[in-house]
Structures are given as C-alpha cells and as structure tokens.
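Here are my notes on this one, in the order I'd go through them at the screen. Have the viewer open as you read.

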Amino acid sequence: VKVVPPSSGRGQPPDVPDYIEPIIGWRVWYAVDDGVGTSLSSVVHRTLWPRGAPLVASCRRFRVPLWPFQRQRHDAPASDCKCGIYAVKVPSLRLYLPETLAWTELVPVVGRVFLWGSVHEHAAGWRAERAYPESLFVPIAELGRRRAIAIMSDLSGYGVPVQAVEAGTADGVLDEVSSLAA
Amino acid sequence: MELGKPERVYTVEPIRDPVPLTRPDETPNEPERRPEPEKVPVENAPMRTGPVRRP
C-alpha cells in the first residue's frame, strides 16, 4: 500500500493568513485642505489618505535620486527597511501630539486605524501594507466653531465615526479620546 | 517615527472589508428607471393569425 502524505498534493502549501480581523492601531494625522475639502494627511510624508479605499504602502527611499544608500525596489513594508504605514500602541501616541494645541494651518487629528495585509509588529507599534481609518477624533479647542464644523463634516466623508474632542492640551486630548474610544 | 525593536511579521486578511461601504465621495445613485419593453425585430415578430379586415 502506497501512503501519500497529505502535503504532497500540489507541492506548495496554501497561503493561510495569520489573522482574519484587521489590527487596530492609533495614529495622528493632519487635517489639510486638499483643494476640494479637508483630507487626512500623514504627518511625515504628507500622503493624502483616500476616501473609500485603503491607503497602500510603497517604499519611497528608492525614489530619492540623491539618497546615498540606494535600495532595490521592494514591497512595503520590508524587514530591512523602515517603510510601511505606521500606527502605534496607545502609550506611544503621546509622542506625536504637540504639547499645546495652538495650531493654525495644520490641525492634528487623532484616530484609530485598521491595518492589514503584511504587517510588521514592533515594540511600540506596527508597519503595515494597507490601512484605513477606523474612527477619528478632532480636537476643536483652538478651532473656531465654523472651521470645526467644516473639518468634521469633510472628514465624515471617510465613512467612519468622527467625534469632537474639547480638551486643550495633548494629555487632555489623549484622556478624552481614551474614554470616548473605550 | 521610531517603533522600536521589530518583533514579528504576520499576514492579515480580513474576512470583511475594513473600508466602509458607505462612500460619500461617490455620486448618488440615479433614480431607478422602468425597464423598456423588449423590442422585437419585425422579421421575428409573431405573425397575425386572425382574420384580416379589409380597409
């Protein structure tokens, strides 16, 4: 009797995901005027986050012509690179908010974000291949009423809950957001 | 942005799309139209079998 091992059918094992629910991390964005309305922008690379579609990561290092350490084009995130869409765990979120919230042009927005695809977990957060906001919190203490309403209305176009946060300091915002998100 | 020491890599394939179905950027749906009656080519139209009246 010839015994056929179960894995010898087609040679390659099927690609089985490790998780079937998205990872949820925290982020800070800027609410910026994109010419049509208010969009979310990444803080570092100023990437605009699309509405109704995931943001897909790409590595930008190979695009910089004078970058001294040229890299091969690769999928993002890569293990030997810092590319990917970033999100952090709650204790690290404080590092990305300014001490006082007296901003003018750039309005920080705090929120939770879904992460999926290839995900690299680090001690303080994640680098992901795909991401979309899960919920948004807009600190409105330094915004005029009209501007606050306009920004929140525009951000509702992402189709996720948008809530106002009234605290005027970074610590206060995080306390309020934590209780709202609980 | 520093995330600290890398710990592990995994693949996440959500069974439900994390992107909400409601997409306000899209144009609103057009009002439903009544389906037009199917047009039958003359050569395929059923032949009249009843009596033919004289004009």
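**Notes on the two-chain model**

1. Start at the chain contact: A:E121 and B:R8 form a salt bridge, with 3.1 Å between the closest N and O atoms. Two salt bridges turn up across the interface of chain B and chain A. Keep in mind that this is a predicted model.

2. Now the rest of that interface. On the chain B side 23 residues take part, touching 38 residues of chain A. About 2700 Å² is buried between the two chains, and carbon and sulfur atoms give 59% of that. As for polar contacts, 16 residue pairs between chain B and chain A count, both partners being at pLDDT 80 or more.

3. Next, the nonpolar interior. The largest core has 37 residues, and A:L40, A:W49, A:V109, A:L115 and A:L155 have the most contacts inside it. At least two residues each come from β1 (23-33), β4 (85-88), β5 (107-122), β6 and α2 (145-155) of chain A, and also from β1 (6-12) of chain B. The largest share, seven residues, is supplied by β5(A). Apart from this core there is another one, of 15 residues, with A:Y86, A:V110, A:V173 and B:L3 among them.

4. A:L40 is worth clicking on. Beyond its neighbours within four places in sequence, A:L40 is in contact with residues including A:W29, A:Y30, A:W49, A:V109, A:P133, A:L136, A:L155 and A:Y158.

5. Which side chain of opposite charge is nearest to A:R127? That would be A:D80, but at 7.5 Å, and A:R127 is buried without a salt bridge. The cut-off for a salt bridge is 4 Å, so the A:D80 distance doesn't qualify. A:R127 sits in strand β6 (residues 125-139) of chain A. Its side chain does have polar partners: a polar atom lies 3.1 Å from the backbone oxygen of A:A78, and there is a polar contact with the side chain of A:H122, also listed at 3.1 Å.

6. Two backbone details to check. The peptide bond from A:A76 to A:P77 is cis, with omega near 0 degrees; A:P77 belongs to the loop between β3 (55-56) and β4 of chain A. Then there's A:R46, which has a positive phi of about 55 degrees despite not being a glycine. A:R46 is in the loop between β2 (38-41) and β3 of chain A, and is partly exposed, with a relative accessible area of 47%.

Definitions and conventions: Residues numbered from 1 in each chain as written. Chains lettered and ligands numbered in written order. Predicted model: local features only at pLDDT ≥ 70, side-chain atom pairs only at ≥ 80, totals over all residues. Heavy atoms only, no water. Helix = DSSP H or I, 4+ residues; strand = E, 2+ residues; numbered from the N terminus. Buried < 20%, exposed > 50% of the residue type's maximum accessible area, 1.4 Å probe, protein only. Lys, Arg positive; Asp, Glu negative; His and termini not counted. Polar contact = N/O pair within 3.5 Å; in protein donor to acceptor, adjacent residues only side chain to side chain. Core = buried A, V, L, I, M, F, W, Y, C linked by side-chain atoms within 4.5 Å. Contact = heavy atoms within 4.5 Å. Buried area = accessible area lost by both parts, 1.4 Å probe.
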